[in-house]
Amino acid sequence: MGIRIKLFKKDNILPSSIDLESSTICQLKCRLCGLRKKIYYRGSVGAGFLKFEHFKEFINRNRFIKHIELSNNGEVFLNPELSKIIKYAYSEKVSLTAEYGVNFNTVSDEVLEALVKYKFEKISIAIDGASQETYSKYRIGGDFNRVIDNIRKLNTYKKKYESVYPKLWWQYVLMQSSEDVSEIKKAKDLAKELNMSIFFKLTYEKGYIPNNPDILIAETGLKYLNRETFTKNTKSLYANMCQSLWNKPYINWDGRLLGCCYVSQNDFGVNVFEIGIENALKSANYVYAKRLLSGKIAYKDYPIPSPTNGCKGQKRIPCLYCIRYKYIFENKSFINPKKL
Ligand code: SF4
């Protein structure tokens with residue numbers, strides 16, 4: 001028997017933003033990426049592209065959706081139907097972003113023009129360095145000069161159409177291979193020249209100990225330089241993706257509801273393209289996960305059950321296998337949906 005759960009009025013609240021993965025395929029082999037290690041492909045994510053027909057139907061069926069984030073695991077710009085997706089979203093007044101990061105190595109002229117012409121809102125481009133040598137240490141297979149050329153081409157279209165869209169962000173992950181201060185300074189200067197905002201992010205790499213921490217803090221504006229120090233000092237996890245279960249649920253390219261961008265091995269057992277987003281968000285496992293994360297119910301068999309220990313239905317609740325829920329549970333740092 002699966003999980004049964006009573007629905008409350010607030011479970012009917014629908015989000016205006018959605019994260020809809022456009023591609024789980026990528027041409028690079030970034031050092032820590034689960035795609036490179038094929039972990040995601042073996043799990044729930046699988047390899048594929050969001051189809052235009054699914055995108056169109058999704059928008060037509062869900063008029064309350066005003067914003068769609070297209071990036072997460074793979075490279076958005078490899079999706080062969082991207083220009084159609086961008087054009088259709090614009091015609092239906094749905095704004096698009098790729099804020100979780102793109103590598104921007106391969107972008108056709110047609111797509112570059114569509115990004116500007118149809119006012120794609122915002123793109124974060126992952127560039128950890130200001131030279132091919134530094135950049136390619138992490139973004140294996142990437143071409144720094146090609147990325148910069150693509151940005152320049154995009155800027156030419158922005159000039160032609162006299163548009164500020166898409167707004168461009170340079171995402172610089174601070175790690176052993178990219179912590180050289182002269183590279184950071186060069187990246188900041190180049191970002192300015194390219195009319196991009198630059199922001200620095202903490203690496204997933206455990207045990208990163210920065211050289212020259214004081215200078216790095218001054219140059220990057222980061223308060224802490226690795227995730228461990230962040231959590232120790234703030235008593236919270238870096239990047240709160242759990243709240244997306246409420247305000248920006250994450251849907252895989254093939255319609256399966258994954259809930260948040262951190263999920264790669266399980267899913268909630270429902271497909272949005274088949275049963276609709278309203279039903280998917282009210283499905284028992286999904287609601288159960290929200291109750292867990294907001295501390296309304298406690299999982300009695302915690303610590304985490306294994307999929308083979310006979311638990312019923314829990315296999316379909318990714319949070320139960322997630323280290324982030326473990327932290328939340330142990331530290332009682334539950335999510336308060338009213339504050340989102
Ligand atoms: S606990 Fe893990 S799987 Fe669940 S929402 Fe948070 S990050 Fe995602």
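User: How do you know how big the second largest pocket is, and what lines it?

Analyst: This is a predicted model, and the volume computed for the second largest pocket is about 420 Å³. A residue counts as lining if it has an atom within 4 Å of a point of the pocket, and 19 residues pass for this one. Lys10, Ile13, Trp246, Lys290 and Pro337 lie nearest the centre.

User: Which elements give two or more residues to that lining?

Analyst: They are helix H10 (244-247) and helix H13 (284-293). H10 gives the most, with 3 residues. By class, the lining has 10 nonpolar, 3 polar and 6 charged residues.

User: What makes the other space a cavity, and how many of 30 Å³ or more are there?

Analyst: A cavity is a set of points where a 1.4 Å probe fits but cannot get out, whereas a pocket is open. The structure holds 1 cavity of 30 Å³ or more, and the largest cavity has a volume of about 70 Å³.

User: What lines the largest cavity?

Analyst: Its lining is His54, Glu57, Phe58, Arg61, Asn62, Val272, Phe273, Gly276 and Ile277. Helix H2 (52-61) and helix H11 (272-275) each supply at least two of the lining residues, and the largest share, 4 residues, is from H2. Sorted by class, the lining has 4 nonpolar, 3 polar and 2 charged residues. Gly counts as polar here, so Gly276 goes into the polar group.

User: Which residues are around the ligand?

Analyst: They are Met241, Cys242, Leu245, Cys260, Tyr262, Val263, Leu293, Cys319, Cys322, Arg324 and Tyr325. To get on that list, a residue needs a heavy atom within 4 Å of the ligand. The shell divides into 10 nonpolar, no polar and 1 charged. Arg counts as charged, so the charged one is Arg324.

User: Why is helix H4 called oblique to helix H6?

Analyst: Start with the angle: H4 (residues 109-117) and H6 (residues 144-160) pack at about 45°, with their axes 9 Å apart. Under 35 degrees would be roughly parallel, and 65 to 115 roughly perpendicular. The angle of about 45° fits neither range, so H4 is oblique to H6. Their crossing is right-handed.

User: What makes the bond between Tyr165 and Pro166 stand out?

Analyst: It's a cis peptide bond, with omega about -5°. Most peptide bonds are trans. As for where you'd find it, Pro166 lies in the loop between H6 and strand E5 (167-174).

User: And what about the phi of Asn195?

Analyst: Phi there is near 60°, a positive value, and Asn195 isn't a glycine. Most residues other than glycine have a negative phi. Look for Asn195 in the loop between helix H7 (181-193) and strand E6 (197-202).

Technical notes: Residues are numbered from 1 along each chain as its sequence is written. This is a predicted model: local features need pLDDT of at least 70, side-chain atom pairs count only at pLDDT 80 or more; totals for chains, interfaces and linings use all residues. Side-chain values use heavy atoms; hydrogens and water are left out. On a 1 Å grid over the protein atoms alone, a cavity is a set of points where a 1.4 Å probe fits but cannot get out, and a pocket is an open set with protein on both sides within 12 Å along at least five of seven lines; lining residues have an atom within 4 Å of a point. Grid points are joined across faces, edges and corners, and a volume is the space filled by probe spheres set on the points. Axes are lines fitted to C-alpha atoms, for helices over the stretch in contact, and angles run from 0 to 180 degrees between N-to-C directions. Angles under 35 degrees count as roughly parallel, over 145 as roughly antiparallel, 65 to 115 as roughly perpendicular and the rest as oblique. A crossing is left-handed if the near helix is turned anticlockwise from the far one by less than a right angle, and right-handed if clockwise.
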